Amino acid sequence: LVVNNSFLAKFDPQPLWKVINNSRCICLHLAGPSGNLDLYVAYFDSALACNRKTTTEKIREYMSPASETLSLVFGDFNFVSSNLDRWNTSSTNFSGNKDKVESEFFLDHLLTPSNLAELFQETPTFVGCRAVSRLDRCYSNHHVATQLTNDYTCFPLRFQHGLSDHRPLTFSRTPIRNQVSQYGHKRLPSY
């Protein structure tokens with residue numbers, strides 16, 4: 001997790017770090033005059049699905065309601081969320097369906113109850129010996145209406161070979177700088 005100092009200056013000077021589930025996830029809780037922000041950095045177990053399910057449940061237990069806190073959950077989930085998210089380089093087929101049960105558990109036990117939606121980007125973030133996969137993702141619980149006034153982005157940076165087999169993700173929320181009408185909403189384009 002890399003956070004700009006000018007961004008941190010918008011919050012109280014004493015952020016709270018919370019370790020969740022044996023260091024598989026850490027939450028940086030930021031509070032300030034504009035509200036609360038929780039940044040969950042996740043590295044789900046690469047070997048056992050039961051451990052990934054436990055991490056999913058622990059995050060849900062700790063997460064504040066979306067009405068109180070904007071939460072972002074991001075990192076290496078070590079499972080894919082759709083069949084097209086993993087390409088098997090040996091068989092030359094998509095092979096993401098083997099994670100279908102785990103993906104549905106994640107959806108049912110974390111994403112849906114926490115109002116989290118993916119800040120979707122389609123580029124694979126991991127290259128291994130037999131697969132190219134989209135294991136690294138970012139989820140946000142922002143209200144859909146905030147998309148009228150903010151741009152949400154997520155994209156992978158370049159591989160840092162020698163450091164990791166994963167591409168780091170960058171994500172942001174920036175205000176849309178369009179003219180606002182006297183009634184407080186954006187004008188519709190005239191075609």
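Here is a quick briefing on the fold, the sheets and the aromatic contacts of this chain.

The model is predicted, so local features need pLDDT of at least 70 and side-chain atom pairs count only at pLDDT 80 or more, while totals for chains, interfaces and linings use all residues. Residues are numbered from 1 along each chain as its sequence is written, and side-chain values use heavy atoms, with hydrogens and water left out. The protein chain has three helices and 12 strands; these are DSSP runs numbered from the N terminus, with helices being H or I of at least four residues and strands being E of at least two.

**Confidence and overall build**

- Mean pLDDT (the predictor's confidence in each residue, from 0 to 100) is 91 for the protein chain, and 93% of the residues reach 70 or more.
- Among the elements, helix α1 (residues 5-8) has the lowest mean pLDDT, at 90, and β10 has the highest, at 97.
- A general caution applies: where pLDDT is low, the predicted coordinates should not be read in detail.
- Along the principal axes, the C-alpha atoms fill a box of roughly 60 × 50 × 35 Å.
- Of the 191 residues, 34% count as buried; that means under 20% relative accessible area, with exposed being over 50% and partly exposed in between (1.4 Å probe, protein chains only).
- Take the contacts (heavy atoms within 4.5 Å) with a separation of 6 or more: residues 24 or more positions apart account for 55% of them.

**The six-stranded sheet**

- This open sheet has the order β1-β2-β3-β4-β10-β7, with mixed pairing; two strands pair if DSSP finds at least two bridges between them.
- β1 and β7 (117-118) are the edge strands, each with a single partner, so one side of each has no neighbour in the sheet.
- Starting from the β1 edge, strand β1 (residues 16-20) and strand β2 (residues 25-32) pair antiparallel over five bridges, and Val-19 has Ile-26 in β2 as its bridge partner.
- The β1-β2 hairpin has four residues between the strands, and Asn-21 takes a positive phi near 55 degrees there.
- β2 then runs antiparallel to β3, joined by eight bridges, with Cys-27 partnered by Tyr-40 in β3.
- The β2-β3 hairpin has two residues between its strands.
- At the other edge, two bridges join β7 to β10 in the antiparallel sense, and Glu-118 has Tyr-139 in β10 as its bridge partner.

**β4 and its neighbours**

- β4 is mostly covered, with seven of its eight residues buried.
- On one side, strand β3 (residues 35-43) pairs with β4 in the parallel sense over eight bridges, and Leu-37 stands opposite Leu-70 in β4.
- To get from β3 to β4, the chain passes through helix α2 (residues 49-62), and this β-α-β crossover is right-handed: with the strands pointing away from the viewer, the path from the first strand over the helix to the second runs clockwise.
- β4 also runs antiparallel to strand β10 (residues 136-140), joined by five bridges, and Phe-74 stands opposite Cys-138 in β10.

**The four-stranded sheet**

- A second set of four strands forms an open sheet in the order β6-β5-β9-β8, with antiparallel pairing.
- Here β6 (93-94) and β8 (126-127) stand at the edges with a single partner strand each, so each has one side without a neighbour in the sheet.
- β8 and strand β9 (residues 131-133) pair antiparallel over two bridges, with Val-127 standing opposite Val-132 in β9.

**Rings and charges**

- Rings of Phe, Tyr and Trp (its six-membered ring) pair if their centres lie within 6.5 Å; planes under 30 degrees apart count as stacked, over 60 as edge-to-face and the rest as tilted.
- The count by this rule is 12 aromatic pairs.
- One of these is the tilted pair of Phe-74 and Phe-171, at 4.8 Å centre to centre with 55 degrees between the planes.
- That pair links distant parts of the chain, 97 residues apart: Phe-74 lies in strand β4 (residues 69-76) and Phe-171 in strand β12 (residues 169-175).
- Phe-74 is buried at 9% relative accessible area, whereas Phe-171 is partly exposed at 24%.
- Phe-44, Phe-77, Phe-79, Phe-106 and Tyr-139 make up one aromatic cluster.
- Arg-137 has its charged end over the ring of Phe-79, 5.0 Å from the centre; the cut-offs are NZ of Lys or CZ of Arg within 6 Å of the ring centre and within 35 degrees of the ring normal.
- Lys-53 has its charged end over the ring of Phe-105, 5.2 Å from the centre.
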